[in-house]
Each structure stands twice: as structure tokens, then as C-alpha cells.
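Please open the model in your viewer and keep the selection panel at hand. The tour begins in the protein interior and then moves to the nucleic acid.

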Amino acid sequence: MSALNLYDTATREVGVFSPLKPGEVSMYVCGATVQGAPHIGHVRSAINFDILRRWLTHSGYNVTFIRNVTDIDDKILQKAPQENMQWWALALKYERAFTQAFTALNVLPPTYEPRATGHITQMIELMQILIDNGSAYAPGNGDVYLEVRKLKRYLTLSRQHIDDLQPAADADERSKKDVRDFALWKAAKPGEPSWPTPWGAGRPGWHLECSAMAHAYLGESFDIHGGGLDLVFPHHENEIAQSEAAGYGFAARWLHNAWVTQSGEKMSKSLGNTLHVEVILQKVRGIELRWYLGGAHYRSMLEYSEGALSESAVAFGRIENFLKRATEILGKTPPISMSEAFTDAMNDDLAVPAGLASISENLRLGNQAITDSDASAIAVNASEIRGALSILGCDPFDSNFAGQATNDLTHALDGVIQLALKERAAARERKDFAASDSIRDGLLALGITIEDTAQGPRWSIMEKS
RNA sequence: GGUCGGAUGGCCGAGAGGCGAGGCAAGGGACUGCAAAUCCCUCUACACGGGUUCAAAUCCCGUUCCGACCUCCA
């Protein structure tokens, strides 16, 4: 079996993944700033890292997966009065919206999901270390800054040079020693929430929380730090700066997912071209949206289009249909197994598109096996498809997606349809095709499709398109 | 100005020196009373101009166009 290779943003190379501790993987992924409803770009990121996590777990690692929630920041404070809410109520409202979206898309809950506001103590401890060792300074107005010129190295992840950066818009901060210095802690303005610190009351700067929380749950060094490509600078650079200045090793490997775009442009709140998960889920099922978003390579931009989404949903339906038929023929849910082709694809920096090609091959062979009534070939291909789908988080047998499959109503419905099919069979027997077709058309009008197979007619309920 | 990504067939989307990933659509065929589903076959590529090489979509140089980040972002 091939070994897992992963890209590293820091080296810009794909290399063999070997964890710091054998058998254990520690992962920190930057989660949402809960200031609005999740759009499909947000959940794409979550899905990408969920696939990585599932693959690591499948590969035998014990994965500790931390994904934070940023529940205090400028935008949250700014939006709260607009929605006529307390900032903390707004934050929790959108945190729930994210959780709901993740559940609908079968994103596994993280091992732990720390909130920034719950880790002020750890942030103060970190700032104390940074001030004590001279890396940070408090000018006395309640702010605390990291002095970037003192760092041994800075901007190595994004490979920029400090003097080449465009001057910041807020460069007129007089209390900063250098305009590039960034805030660890922001002094509270009147009416803003604040927490007391030795340097004055205020609230966390954006970057500090991730350094503090990664340290709290994963220690001084951990295996993988992930997030969206747009976090490379400044967020991740500043996390590195804080953590390394404190003497920590921090992340051994950096993974960044690319964006969902529309007309070539990144989906973002400021552009107003966002597509909320909630809205898309009125068009396709969660499992289909996940199949679409997870199908692109995580480092490739995914150009959203409604056509591509619905095409993708149809393609997924074909796979589901095969699994359903295979299950009927085998008389049991096919067990999960992993094909070599899919394994190799995933080990090659999570080459999901190559993995999809292997699923297509399984599907073709599986359908052929149904035609040939070759039960063992049906079983092999169904199991391998299920195995691949389970890693992609799109296993239709997954209890997160099941539920709607079998219940008393379906059972009753089956009985009713069987009655109709019996009438239809009789009509076909006497070559009264007008009658048999009117039964089929009648069922179709109710959203029930009839297919005649070698094993007899089978029915299914049409999915919403 | 600095840093970085991209341009592949009608469409979507991989690949990163040699065998044309895969899917959708299209055309043909098999199966079927007809459908549906499924299978088989066929077809169309690497933005442009140079170069390196026995061999370039892939490497190098240049050009054009698109996009991202430069302290709000997944």
C-alpha cells in the first residue's frame, strides 16, 4: 500500500506525511467567525478537512481534530445592533447555523470545538510570555502588540518581505512601534465587551486565539494546521509569529483549501456573491451538495454553477441507484472495503478526482455484474464504492443520511405500489399496453418511477431536482 | 510595487516529460412491447510565441488574459 503524501504550504511541496507521535495525528483547523450564515465556500473548507480527517482515521491514526469558533470580533460587534441583538446572541445564532450546515453535510463534529471567549485566560498567559521575553509590548492604552521586526523570521509561509507589503489602511496607529506590528489584544472602546488583563481591559485580536487554543489542546507542536487559502496571510503568519516568539514549535505542516468561485471571483461576503448553504439545500440534498463540493481537489478553485451542481447530483444518483439495486440483489448492505485505486488516489495528496474515476470504474463493472447476475462481482464493486463514499462522507447508508430510507410508510407504500404493479403485469400479459402504460404514467405523475429489470419491476421515488 | 494561483475538448474536470484520467452532453449500437435503467462503440484538448529534449499539455524564456492576498475573509 502506498504511503500518505500531503502538500505543505510552507515548502510548497508534496511529501510523505509522518506524524510527530506514531499513530497519532493532531490537527487544528481555523473554523468560522460566526458573524453570518454559512455559504458554500465555508462548508467546502469544512468538507475538505473532514475528508482528510476521515482518511487519516481510516489509515489507522488516532486523530485529535480541533476546529475553533471565533465568537468575538469586530464584525460581530458591528452586526449585533443591526440585527438588534446582543453580540453574544448573534454569535451563538450563527454558530448554530454553521453546526446545522455541518450536520446536513455530514461533517463530523471535531474532537473539540473551542470558542475564543472561553480561552481568555490562555490568551493572557500567552501575552504574558510574549511581553516577558520582549517579543510583545503594551503601549499603555490597553492594546498589546507583537513587535514583528524583532522576530527571527516572519512571513515565511506566504514568502513575502515585510518591506514589500502595501502600507496598512490603519497605519496611522500612533501607539505602534512599527506599522507592521499587529494587535494581540485590543483595548475596549466605550460600550464594547471587554475582559480584564494586566495591560488593560479589552478583547482579543483575531490571531491570538488560535495560537492560544492550539497550544491548549494540541501542545507546543502539532501535525497539521489547516484553513482557507485566504488565511495564509495575515492570520496564519501571525499565528506562527506569536507561537514561535513564545518558543513553541507550532504546526509541522500547513494545508490550505482553495475557494469556491463565481465567474472566476472568490465567493465572499464583501463581494456579496455568496450562496448560502440553506438556499442550496432547497435545490439538492445534503449528500448531493457534499458530493459536489468534495469532488474537486482541495487545492483547486471550484467554479460554482447551478448546471454543474445539478449534473453532479444526477451522477451521484446513478451511484446511489446502483448501491440500492446491489443491496436488493445481495439481500444485505454491502460492507465497506477500500479499492487499491481509491487508496492510491487518496494517498496522493487527497486526489479525490482520481478517486472519483475509480468509483466510475467500480460503477461500470458493478452495473455489468448486475446484468450478468454475478453476485460476487456485484458485492466487490458495491463494497468498494461504499468504501470510497464513506471517506468522502457521502455513504448513503450512513445513519446521518439514512432515516428517510425505510420506515412504516415506505412499507405501506410498497404494498400499494405492488398492487398497482400486479395490475400492470396482468395488462402486459394480455398485451394491453395502453392500460399498462397508464398505470406507469399514473405512478410517474405521483413522482414514482417504474423500471423493468431482469429481476422484475422496481419502483423508486424521484428525488427533488 | 510585493507574493501567489490559473488558462486543457461542446461543457465540467484530472494529470505535471513518453502510454489521450474520469464524468456530462452528442452520434451510433445492444437490451425492451414501449419507456426507464444499464452496457458497448465513436468523436472533439492542452491560451499564444520561442527554446530545451530522441520525446513537451507537462521543463525553460517571453507574451496575453483571468483571479487571489498585502492586516475583514473559508
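Leaving aside its neighbours within four places in sequence, with which residues is Leu 289 in contact? Select Leu 289 in this predicted model, and then add Ile 40, Leu 105, Val 277, Ile 280, Leu 281, Val 284 and Leu 309, with which Leu 289 is in contact once those neighbours are set aside.

Widen the selection to the largest nonpolar core, which has 105 residues and in which Ile 40, Leu 56 and Leu 289 are those with the most contacts. Colour helix α1 (residues 40-58) next, since the largest share of this core, nine residues, comes from that helix. If you colour by domain, you will find that the core draws at least three residues from each of domain 1 (5-257) and domain 2 (277-392). Apart from this core lies another, of 15 residues, which includes Ile 66, Cys 210, Met 213 and Ile 240.

Now turn to RNA strand B, which is surrounded by 59 residues, the closest being Trp 206, Gly 228, Asp 230, Trp 259 and Arg 364. Of the atoms of RNA strand B that come within 4 Å of the protein, sugar and phosphate account for 58%. Coloured by class, the surface near the strand shows 17 nonpolar, 22 polar and 20 charged residues, and helix α11 (residues 352-371) gives the largest share of that surface, with seven residues.

Three individual contacts can close the tour:

- Select Lys 75, where an N or O atom of the side chain lies 2.6 Å from a base oxygen of RNA strand B.
- Select Gly 264, where a polar backbone atom is 3.1 Å from a sugar or linking oxygen of RNA strand B.
- Select Glu 311, where a side-chain N or O atom is 3.1 Å from a sugar or linking oxygen of RNA strand B.

Key: Residues are numbered from 1 along each chain as its sequence is written. Chains are lettered from A and ligands numbered from 1 in the order in which they are written. This is a predicted model: local features need pLDDT of at least 70, side-chain atom pairs count only at pLDDT 80 or more; totals for chains, interfaces and linings use all residues. Side-chain values use heavy atoms; hydrogens and water are left out. A residue is near a molecule or strand if one of its heavy atoms lies within 4 Å of it. A polar contact is a pair of N or O atoms within 3.5 Å; within protein, one must be able to donate a hydrogen and the other to accept it, and residues adjacent in sequence count only if both atoms are side-chain atoms. Helices (H or I, at least four residues) and strands (E, at least two) are DSSP runs, numbered from the N terminus. Ala, Val, Leu, Ile, Met, Phe, Trp, Tyr, Cys and Pro count as nonpolar, Asp, Glu, Lys and Arg as charged, and the others, Gly among them, as polar. A nonpolar core is a set of buried Ala, Val, Leu, Ile, Met, Phe, Trp, Tyr and Cys residues joined through side-chain atoms within 4.5 Å. Buried means under 20% relative accessible area, exposed over 50%, partly exposed in between (1.4 Å probe, protein chains only). Domain bounds come from an automatic or database domain assignment. Contact means heavy atoms within 4.5 Å.
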